[in-house]
2 protein chains.
Amino acid sequence: MGCSVADSNIFKSLSKEERELLNQEKNCNSYLKGDIIYHEGNRISGCYCVNKGILKIYKTGIEGKEQIIAFAQKGDIIGYRSILSSEPACTTAQVIDDTLLCYIPSEILLSLVKSNSSFSLDLMQLTCKELNQANMYIKDIAQKTVRERLAEILLMLKTTFGEDGEGYLQIILTREDLANIVGTATESVIRLLSEFKSDNLIELSNKKIKILNLSALKKLSYDL
Amino acid sequence: MGCSVADSNIFKSLSKEERELLNQEKNCNSYLKGDIIYHEGNRISGCYCVNKGILKIYKTGIEGKEQIIAFAQKGDIIGYRSILSSEPACTTAQVIDDTLLCYIPSEILLSLVKSNSSFSLDLMQLTCKELNQANMYIKDIAQKTVRERLAEILLMLKTTFGEDGEGYLQIILTREDLANIVGTATESVIRLLSEFKSDNLIELSNKKIKILNLSALKKLSYDL
DNA sequence: CGGTATATTGAGTGTCTTCAATCTCAGTGG
DNA sequence: CCACTGAGATTGAAGACACTCAATATACCG
């Protein structure tokens with residue numbers, strides 16, 4: 001079926017044989033909005049390569065409040081960390097937009113890591129990149145105001161997911177999800193969004209968001 | 001000289017020959033409090049293994065305010081991420097307590113990663129562990145109050161650095177450094193420390209901190 | 001078309017930050 | 001030995017920012 005594991009950047013160093021092995025062993029499935037792929041704390045027996053759709057990766061905190069750590073979309077690989085460390089999943093992965101995933105059993109991933117040092121290095125670089133992003137976000141969340149972070153997140157969503165024909169962000173989130181990325185209360189997101197709107201920085205159409213004034217948002221987010 | 005790279009956990013999978021190679025190529029130096037090992041944004045040509053002492057690893061944010069991301073002590077390896085990704089350093093490393101470091105040239109590290117898949121996997125697991133810690137901290141900083149985070153950090157300092165004979169934390173930080181871990185203002189740290197003190201949770205002797213009531217601090221930090 | 005989930009708005013409050021003044025301590029030089 | 005100095009620590013007061021709670025409105029789903 002139309003699975004494009006091979007297109008994914010992370011698998012670019014695989015040999016033809018390795019790619020075939022992967023294609024034999026992998027297993028594609030589709031999932032609906034709301035479906036949970038794996039749950040924080042559970043053991044998982046493989047990882048997933050995203051073929052289509054969008055997922056949110058989050059940790060659950062005090063009184064069940066989610067903290068969204070990352071999103072995954074086409075080409076991304078999720079759950080690999082728990083496989084590498086052979087530890088229970090440290091996050092939950094949930095479908096935001098109907099998704100097609102390829103399951104890769106852990107033995108396959110581990111054997112590739114062991115046998116192909118380029119692949120291994122690529123994977124390591126991916127982890128390092130994610131680590132750096134996490135560190136930047138720690139700094140931001142510790143030092144910026146909610147307004148600045150919301151502006152920053154909107155810009156991130158634009159660069160990560162792009163816009164549709166009308167200029168609306170391709171990713172559609174609830175206000176609560178937005179709050180759970182920014183790390184604030186839902187009401188604060190609502191108030192700030194409407195403030196951004198009246199300042200003509202963005203346009204709102206229900207859940208859809210259009211970015212009108214990129215540079216002003218950048219300035220606002222201190223992303224100079 | 002008394003360099004114990006070999007003792008470090010991360011090098012446990014190296015063969016005798018690889019260990020010898022490392023010993024030939026590495027280079028030990030001592031550094032004083034305040035010395036900067038590498039600076040955010042600079043290219044570095046190798047990484048360091050900590051033999052003795054304590055360093056802080058931080059990012060510099062708005063108006064020069066530091067955000068401390070991690071500490072490093074005996075057995076830890078720092079700067080390896082930039083080597084693996086061949087990118088400029090994404091953090092600054094500065095000596096907090098007089099330090100002895102072994103320099104490992106990047107070629108050596110990279111060749112070990114390529115030739116020894118167990119070492120490579122160990123390094124990957126280390127990165128994954130750091131990534132998970134970073135994600136947990138994002139959640140905490142986004143969801144917990146400053147009081148809760150300060151309690152949590154005190155506990156972390158205790159488990160990471162231990163106590164001296166009198167029960168004081170082995171690591172000595174300025175109030176400003178503490179604030180730069182917790183992600184708050186120096187004055188807030190001061191006020192909260194004195195609050196903890198009057199609640200008999202801790203004892204203060206200048207910069208030294210003694211933890212008196214571990215379980216109350218745990219409860220306070222929601223670290224149940 | 002109902003029912004539920006999500007969004008919105010307002011009011012009140014608490015936590016934390018900022019700014020400014022003062023204090024303490026360790027190190028330095030006379 | 002002591003005054004001097006600068007860095008860090010402390011305290012107080014004022015105010016901003018963001019959160020909570022509660023009520024209401026709107027959108028979405030079957």
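**Entry 1: which surface the copies use**

I compared the interface residues of the two protein chains first. Of the interface residues of chain B, 100% are also interface residues in chain A, so the copies meet through the same surface. I note here that I am working on a predicted model.

**Entry 2: how the copies are related**

I then looked up the operation that relates the chains. Chain B superposes on chain A after a rotation of 180 degrees, with 0.0 Å of shift along the axis. The RMSD is 0.0 Å. This is the relation of a two-fold axis.

**Entry 3: the chain B and chain A interface**

I counted contacts next. In chain B, 38 residues touch 38 residues of chain A. I read off a buried area of about 3800 Å² between the two chains. Carbon and sulfur atoms give 71% of that area.

How many salt bridges cross this interface? I found zero between chain B and chain A. Polar contacts do occur: I logged 11 residue pairs between chain B and chain A, with both residues at pLDDT 80 or more.

I went on to ask which elements supply the chain B side. Those giving two or more residues are β3 (46-60), β4 (66-73), α2 (80-85), α3 (106-115) and α4 (117-143) of chain B. The most comes from α4(B), with 20 residues. By class, I sorted the chain B side into 18 nonpolar, 12 polar and eight charged residues.

**Entry 4: the surface near DNA strand D**

I turned to the DNA. There are 15 residues around DNA strand D. V146(A), T184(A), S188(A), R175(B) and I190(B) come nearest, so I wrote down residues from both protein chains.

Which part of the strand faces the protein, sugar and phosphate or bases? I took the atoms of DNA strand D within 4 Å of the protein. Sugar or phosphate accounts for 59% of them, and bases for the rest.

I checked individual side chains of chain A. An N or O atom in the side chain of T184(A) is 2.4 Å from a phosphate oxygen of DNA strand D. For S188(A), the corresponding side-chain distance to a phosphate oxygen is 2.3 Å. E187(A) goes to a base instead: one of its polar side-chain atoms lies 3.0 Å from a base nitrogen of DNA strand D.

Elements giving two or more residues to this surface are α7 (186-198) of chain A, plus α6 (175-182) and α7 (186-198) of chain B. I classed the residues last: seven charged, five polar and three nonpolar near DNA strand D.

Notes:
Residues are numbered from 1 along each chain as its sequence is written. Chains are lettered from A and ligands numbered from 1 in the order in which they are written. This is a predicted model: local features need pLDDT of at least 70, side-chain atom pairs count only at pLDDT 80 or more; totals for chains, interfaces and linings use all residues. Side-chain values use heavy atoms; hydrogens and water are left out. Copies are superposed by least squares on the C-alpha atoms of residues with pLDDT of at least 70 in both. Contact means heavy atoms within 4.5 Å. A residue is near a molecule or strand if one of its heavy atoms lies within 4 Å of it. A polar contact is a pair of N or O atoms within 3.5 Å; within protein, one must be able to donate a hydrogen and the other to accept it, and residues adjacent in sequence count only if both atoms are side-chain atoms. Helices (H or I, at least four residues) and strands (E, at least two) are DSSP runs, numbered from the N terminus. Ala, Val, Leu, Ile, Met, Phe, Trp, Tyr, Cys and Pro count as nonpolar, Asp, Glu, Lys and Arg as charged, and the others, Gly among them, as polar. Buried area is the accessible area (1.4 Å probe) that two parts lose on being put together, summed over both. A salt bridge is a side-chain nitrogen of Lys or Arg within 4 Å of a carboxyl oxygen of Asp or Glu.
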